[in-house]
Amino acid sequence: MNILITGANGQLGNEMRVLSAAHPKHRYFFADIVEAEDVYRLDICDPAAVSAFVTTHSIDLIVNCAAYTNVDKAEEDEVTAHKINAEALSVLGGQGIKVIHISTDYVFSGNEHVPCRETDPVAPRTAYGRTKYDGEKNLLAACPEAVILRTAWLYSEFGSNFVKTMIRLGKEKPQLGVVFDQIGTPTYAADLAQAIFTVIECPIWHPGIYHFTNEGVCSWYDFTIAIHELAGIKTCQVRPISSDEYQYKTPRPHYSVLDKSKFKKTFDVEIAHWMDGLRRCMKKL
Ligand SMILES: NC(=O)c1ccc[n+]([C@@H]2O[C@H](COP(=O)([O-])OP(=O)(O)OC[C@H]3O[C@@H](n4cnc5c(N)ncnc54)[C@H](OP(=O)(O)O)[C@@H]3O)[C@@H](O)[C@H]2O)c1
């Protein structure tokens, strides 16, 4: 297959580039809004450019890793976030080929007490969540055969993310307050990339929405303790604080654990625990 991977300069896009080497039977076309080495420039919001790219390179499948991911900035500029996270999905879904797309735990309210299933009602509380949910709807309307993987708390050796920030702050500061009342599952982007290849390589195409994160649950506080331990940081005291103390600009989900049963059953796979993913990522950092 000829596979177009958008958002190739991002965390997940980069992990897809790394893993594509292990799947040489396909031909890959990496693209992003910013051109880079081996990365084409392609704006997913530009219908003419997307359609020309798909035709010129005889693309069979699009893996959309591109997104507007800054949750706080999306509150101030929902119009731009909506173009990239929602309107572009009509463009990508309208090419008459299969699409694998990544969505988020932010489509849920975050007030649940049990892991969310794909069939649970959504209730996004942020501009980012609303735009991502609109993207899911737009994609499924244009391409009912699409696969959507909702994930959460993504980190990787590439780009900026929570893991890298906590390592930097841990080295700089003697004390650090980290919230303990938000529960979720850290997800190594390399494991999500592996899940995408599981979907691609499956002999049967199973369209629909799936949840994929690493296994287990923790708070941002627990996650930070684990990061510092693995990084050998002993000079920073990590203190648990509440979300109220942190004073977020944008509401954050208190509980956004995703139930992955459907993905595991459909594709017959086991998923690594978040500590295992973190260990592997830290070795690369
Ligand atoms: N990060 C998380 O914690 C998290 C959690 C749940 C779900 N997700 C979802 O997982 C997916 C991958 O996230 P990620 O962390 O890898 O994102 P990321 O690192 O922010 O990468 C997204 C990439 O898309 C590019 N992009 C933005 N607008 C574009 C456009 N119009 N056309 C083409 N490319 C464009 C970005 O470029 P610029 O940087 O130049 O804008 C960036 O290189 C996204 O769908 C995201 O919503 C992420």
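This report walks through a predicted model of a protein with a ligand, from overall form to sheet to ligand shell.

**Overall form**

The protein has eleven helices and 13 strands. Its radius of gyration is 19 Å, close to the 19 Å that the globule rule gives for 285 residues, so the protein is as compact as a globular protein of that length. The C-alpha trace spans about 55 × 35 × 35 Å along its principal axes. Of the 285 residues, 42% are buried. Now take the contacts between residues at least 6 apart in sequence. In 82% of them, the partners are at least 24 apart.

**The sheet**

What order do the strands of the open sheet take? Seven strands line up as β3-β2-β1-β4-β5-β6-β11, with parallel pairing. The edges belong to β3 (40-41) and β11 (208-211). Each has a single partner strand, so one side of each is left without a neighbour in the sheet.

Look at the β11 end. Strand β6, residues 147-151, runs parallel to β11, and four bridges join the two. Here Leu149 stands opposite Tyr210 of β11. A helix also covers part of this region: α7 packs on the sheet and touches β4, β5 and β6. The direction of α7 makes about 160° with that of β6.

**Helix α1**

Helix α1 covers residues 11-20. Which of its residues are buried? They are Gln11, Leu12, Gly13, Asn14, Glu15 and Met16. These buried residues pack against five strands and one helix, listed below.

| Partner of α1 | Residues |
|---|---|
| β1 | 2-6 |
| β2 | 27-32 |
| β4 | 61-64 |
| β5 | 98-104 |
| β7 | 154-155 |
| α7 | 189-201 |

Several of these partners are also sheet members: β1, β2, β4 and β5 appear in the strand order given above. Helix α7 turns up twice too, packing on the sheet and against the buried residues of α1.

**Around the ligand**

How many residues surround the ligand? There are 27, and the closest are Gly7, Gly10, Gln11, Ala66 and Ala67. One of these, Gln11, is also among the buried residues of α1.

Which elements build the shell? Both α1 and β5 supply at least two residues each. The largest share, three residues, comes from α1. So α1 has two roles in this picture: its buried residues pack against other elements, and the helix contributes to the shell around the ligand.

By class, the shell holds 14 nonpolar, ten polar and three charged residues.

Definitions and conventions:
Residues numbered from 1 in each chain as written. Predicted model: local features only at pLDDT ≥ 70, side-chain atom pairs only at ≥ 80, totals over all residues. Near = placed C-beta within 6 Å. Nonpolar A, V, L, I, M, F, W, Y, C, P; charged D, E, K, R; others polar. Buried ≥ 20, exposed ≤ 12 C-beta atoms within 10 Å, placed from the backbone. Contact = placed C-beta atoms within 7 Å. Pairing = 2+ DSSP bridges. Axes fitted to C-alpha atoms, helices over the stretch in contact; angles between N-to-C directions. Rg over C-alpha atoms; globule rule 2.2 N^0.38 Å.
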